[in-house]
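Trainee: Before I use any labels on this model, I would like to see how each one is justified. Could we take them in turn?

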Amino acid sequence: MEERCRDIERSIIKTYRKSIWRKFVKGIQEYDLLQEHDKVAVCISGGKDSMLMAKLFQELQRHGKFDFELVFLVMDPGYNLENRKRIEENASLLNVPIHIFETTIFNSVVNITQNPCYLCARMRRGYLYKNAQELGCNKIALGHHFDDVIETILMGMTYGGQMQTMMPKLHSTNFKGMELIRPMYLVREEDIIKWANTNNLHFIQCACRFTEACAYEDKEGLSKRKETKELIRQLHQINPNVEMNIFRSAENVNLNTLIAYKQDGIVHHFLDNYNQDRGK
């Protein structure tokens, strides 16, 4: 098993050096996600994204330019025995020393009919912050990737009527001194899948009892995220650059051409200063 783990680690640095490793490092550097002496709680759900993130952090710790600490944090919200076992077996195979704590989140939201995923996500985040802070961590790392980011942008526009994105890092509003980081921000999902398949790794899918009952959901119960993913796939056939263009749209925002925008809860309308700008 040790030899297989080494092969998996080598695949990250060699086979997927350009598509995964370099993008992981670039995301950390470009968005200033990691500083010396940080203690990061790498939050592992048991899926492909967070497990790969754990291995990437281990490689960075071995080959990085400064010291930082890692805690591999697994929250069990009420997994069934099969999923719990799969997480533990994969962690053992990949030599990831996980720290597991248990909650009853799934039971807490079982009877919630309106936006159970939103409530579940908020509860998960709170538990992760709390336990990470108790372990002396100043950051939690989540495994959201590039495709999560662009899907969020497009979903906000098409279903939420708003322009927003999933930020690469955030200060916690409820846990002083804590920060959330997303180091997989620039890594494509298709490359994560290729890495898992190449190494014959099998991770749990969404283990929640409400997989399809998320905040963006229509009356037929169809996942809006799945619809958005399919829409991007179709647009890619017309324009191969569509994914990057969606991503760049959140960087190349021209406030002078927006009807209105909100900052710190305050709405700014183009008419506010329109007459003052006359003749400039």
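Mentor: Gln263 has Ile266 of β8 as its bridge partner. Bear in mind that the model is predicted.

Trainee: What makes β7 and β8 a pair of strands?

Mentor: Pairing needs at least two bridges between the strands. Strand β7 (residues 260–263) and strand β8 (residues 266–269) have 4 bridges, in the antiparallel sense, so they count as paired. The hairpin has 2 residues between the strands, and Asp264 takes a positive phi near 55 degrees there.

Trainee: Why is the contact of Arg84 with Glu88 called a salt bridge?

Mentor: The cut-off is 4 Å between a side-chain nitrogen of Lys or Arg and a carboxyl oxygen of Asp or Glu. For Arg84 and Glu88 the N to O value is 2.9 Å, so the pair qualifies. Both residues lie in helix α4 (residues 81–93), 4 residues apart, about one turn of the helix.

Trainee: Why is Arg84 called buried or exposed?

Mentor: Buried means under 20% relative accessible area. Arg84 has 19%, so Arg84 counts as buried. Its partner Glu88 has 36% and therefore counts as partly exposed.

Trainee: What makes Lys130 and Glu134 a salt bridge?

Mentor: The N to O value for Lys130 and Glu134 is 2.8 Å, and the limit is 4 Å, so the label holds. These two lie in helix α6 (residues 116–134), also 4 residues apart. Glu134 has a relative accessible area of 55%, and exposed means over 50%, so Glu134 is exposed. Lys130, with 40%, is partly exposed.

Trainee: How do you know that Arg10 forms a salt bridge with Glu3?

Mentor: Their closest N and O atoms are 3.0 Å apart, which is within 4 Å. Arg10 has a relative accessible area of 35% and Glu3 has 41%, so both fall in the partly exposed range. The structure holds 21 salt bridges. Some are linked in a network of Lys48, Asp49, Glu151, Glu189, Arg225 and Lys229.

Trainee: What makes 12 residues in the lining of the second largest pocket charged?

Mentor: Asp, Glu, Lys and Arg count as charged. The lining has 23 residues, and among those nearest the centre are Asp147, Arg188, Glu190 and Glu243, so these four fall in the charged class. Phe146, also nearest the centre, is nonpolar because Phe belongs to that class. The full division is 9 nonpolar, 2 polar and 12 charged. The pocket has a volume of about 480 Å³.

Notes
Residues numbered from 1 in each chain as written. Predicted model: local features only at pLDDT ≥ 70, side-chain atom pairs only at ≥ 80, totals over all residues. Heavy atoms only, no water. 1 Å grid on protein atoms, 1.4 Å probe; cavity = no way out; pocket = protein on both sides within 12 Å on 5 of 7 lines; lining within 4 Å. Points joined across faces, edges and corners; volume = space filled by probe spheres on them. Buried < 20%, exposed > 50% of the residue type's maximum accessible area, 1.4 Å probe, protein only.
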